[in-house]
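Biologist: I am new to this structure, and I would like to learn how to read its features one at a time. Could we look at it together?

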Amino acid sequence: MNQLSKIFAVLVLKVILFFFLLSGSYVNAQRKSTSISVSDNGKTSISIKNGFGNNFQVEFKGDITLSSDDTDVIAISDEGYMEIKKSAFGSRRRIFIESNSSGQLIKKYYVGGSERSFDSEGRKWMAEILLEVVRTTTLGSEQRVDRIYKEGGTRGVLKEVDFIGSNHVKARYIKLLLKKDLNSADLISILNVIGDDIDSDHHRADILKNNTSKFLATEASTSAYIEAASEIDSDHHKAEVLKRSIKDGAIKENQMNSLFIITKDIDSDYHKSSVLLTVLRNASLNASNMKLLINTADGIDSDHHKSEVLQRALNSEELSDSSFHTLLSSLDDMSSDHHKANVISKLLKKDLSSSSLSHVLKQVGHMNSDSHKANILKSAVRKKLSDDSIEILLDVLEHMGSDNHKASVFKQMARNTYSDAQLTKILWTIKDINSDYHKAESLISFSRTVSQKGSSVKEAYGAVCKSISSDSHYRRASNAIQ
């Protein structure tokens, strides 16, 4: 074999070895698991799988007291016991400890099926295995947190949490820590750990939801709380945490922006809308935050859920003209005329500027349903219309297919007063109605107003009458201004 062939063979072996190790790591990762069961008589059984060939089980009953260095069991309550079993690559070891009638501990050590000396071999193995046990389970957790907190405060407990691999156990230690008398800096440190070191959305959300009164006590800790919530991937858990914080009423006006940023990251339309609806039900928003909420609602794809949020938002008195424009723009990608009409109809009950009203009419022009268009236009024309609004409204009417719906809008418009120029434009738009009956009906509705106007308006009326083919409908319309 030449030198080049040797080099190639070595490289191939290294690649094979790399993938073998990678494969082994993956299998081990897949095999890692923890199961916990608690029986009616108080016995707790914990089974830990740390990968192929490295597993242990812990079973105990009663209160277990550990030594200060976590290397020994120094006390067990009456009728209590503890058993640790570990198997690693075919080797099996076991320790059994129980308290006798005098309160003394009886400790036994086994390798395979044979009992060995506890003092010479068992004590050493217990020192090795016990720290692994307490960092993998909640065994002695309350006692350990008390002791570590007394020695090193919040920082000491969080340092220990960093050594713990299980999210369940991390969460248990943090919950116990939260029972202590903590300041704002302590809470911020805890929130940072929740966001950065706990991978489970369930455990993150559980801690955040059930400690809001502590976390939301100061502005600084509230900001850290919102940041921790942003690390939750699950839409369900993220929404539940945000809703709890809103219901507790501790989110300040200047922190709403952060809350809405997190809400935007929720993919589920249901959960996103549920957060926004909770805000609208429980928080008092200023005009700026109301606009932010509407902006956030724009990210909802579901017409139903978006409509529900926007209609609820319209109950607020804190809506500026700018907010109305933002809300109307959020309807651009809404395909359902029904849901769009519900929002616009409610919006028209507000005191709208000429600019906002024109924006409403433009949105109506994007709808497909003549029925929905007509219903909204009949509401819109009850308001004072500017020249710009009338131009847009007439353009919408020109593009409507139903003569019946067109006529119904013109009849509603006839109840208002107009300048000669405005009225002339309206009359010429009526000419586009194909049905002689509906054209005549529309003209007649304006006849009284036209009869009081000058010659230019009357001439326009007469010209439109001449576009009616039916003699009877023509006579009805032309005679109406005699």
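Modeller: Let us begin with a helix, bearing in mind throughout that this is a predicted model. In H2, the residues Phe118, Gly122, Trp125, Met126, Ile129, Leu130, Val133, Val134 and Thr136 are buried.

Biologist: How should I read the spacing in such a list?

Modeller: The general idea is that an α-helix has 3.6 residues a turn, so residues three or four places apart point the same way. In H2, the buried residues include Gly122, Met126, Ile129 and Val133, and you can look for that spacing among them.

Biologist: What do the ends of H2 tell me about its course?

Modeller: One compares the distance between the end C-alpha atoms with the span of a straight helix: H2 has 19 residues, and its ends are only 23 Å apart, short of the 27 Å that a straight helix would reach at 1.5 Å a residue. A bend of about 30° is found in H2 at Ile129, and Ile129 is also one of the buried residues of this helix.

Biologist: How far apart are the ends of H3, and where does H3 bend?

Modeller: H3 covers residues 141–163, and although a straight helix of its 23 residues would reach 33 Å, its end C-alpha atoms are only 14 Å apart. The bend in H3 is at Gly152 and amounts to about 130°.

Biologist: Which residues of H3 are buried, and what covers them?

Modeller: Among the buried residues of H3 are Arg144, Val145, Arg147, Ile148, Gly153, Val157, Leu158 and Val161. Their cover includes strand S4 (64–66) and the helices H2 (118–136), H4 (167–177) and H5 (184–197).

Biologist: At what angle do H3 and H4 pack, and which residues meet there?

Modeller: The two helices pack at an angle of about 100°, with their axes 10 Å apart. That makes H3 roughly perpendicular to H4, because angles of 65 to 115 degrees count as such. The residues of this contact divide into nine nonpolar, two polar and six charged. On the side of H3 they include Tyr149, Val157 and Leu158, and on the side of H4 they include Tyr173, Ile174 and Leu177.

Biologist: How do I read a backbone angle such as phi?

Modeller: Most residues other than glycine have a negative phi, and a positive value is therefore worth a look when one meets it in another residue. Here Asp70, in the loop between S4 and strand S5 (73–76), has a phi near 60°. Glu79, in the loop between S5 and strand S6 (81–88), has a positive phi of about 65° although it is not a glycine.

Biologist: Is Asp70 buried or exposed, and is Glu79 buried or exposed?

Modeller: Asp70 counts as buried, because its relative accessibility is 4%, whereas Glu79 is exposed, with a relative accessible area of 69%.

Biologist: What does Ile188 touch, beyond its neighbours in sequence?

Modeller: Ile188 lies in helix H5 and is partly exposed, with a relative accessible area of 24%. Leaving aside neighbours within four places in sequence, Ile188 is in contact with Ala220, Ser221 and Ala224. Ile188 and Tyr225 are 37 residues apart in sequence, while their C-alpha atoms are 7.8 Å apart in space.

Biologist: Where does His237 lie, and which residues does it touch?

Modeller: His237 lies in helix H9 (residues 235–247) and is buried, since its relative accessible area is 18% and the cut-off is under 20%. Not counting residues up to four places away in sequence, His237 touches Asp201, His202, Ala205 and Ile232.

Terms used:
Residues are numbered from 1 along each chain as its sequence is written. This is a predicted model: local features need pLDDT of at least 70, side-chain atom pairs count only at pLDDT 80 or more; totals for chains, interfaces and linings use all residues. Side-chain values use heavy atoms; hydrogens and water are left out. Helices (H or I, at least four residues) and strands (E, at least two) are DSSP runs, numbered from the N terminus. The expected span of a helix is 1.5 Å times one less than its number of residues. The bend at a residue is the angle between axes fitted to the seven residues ending there and the seven starting there. Buried means under 20% relative accessible area, exposed over 50%, partly exposed in between (1.4 Å probe, protein chains only). Contact means heavy atoms within 4.5 Å. Axes are lines fitted to C-alpha atoms, for helices over the stretch in contact, and angles run from 0 to 180 degrees between N-to-C directions. Angles under 35 degrees count as roughly parallel, over 145 as roughly antiparallel, 65 to 115 as roughly perpendicular and the rest as oblique. Ala, Val, Leu, Ile, Met, Phe, Trp, Tyr, Cys and Pro count as nonpolar, Asp, Glu, Lys and Arg as charged, and the others, Gly among them, as polar.
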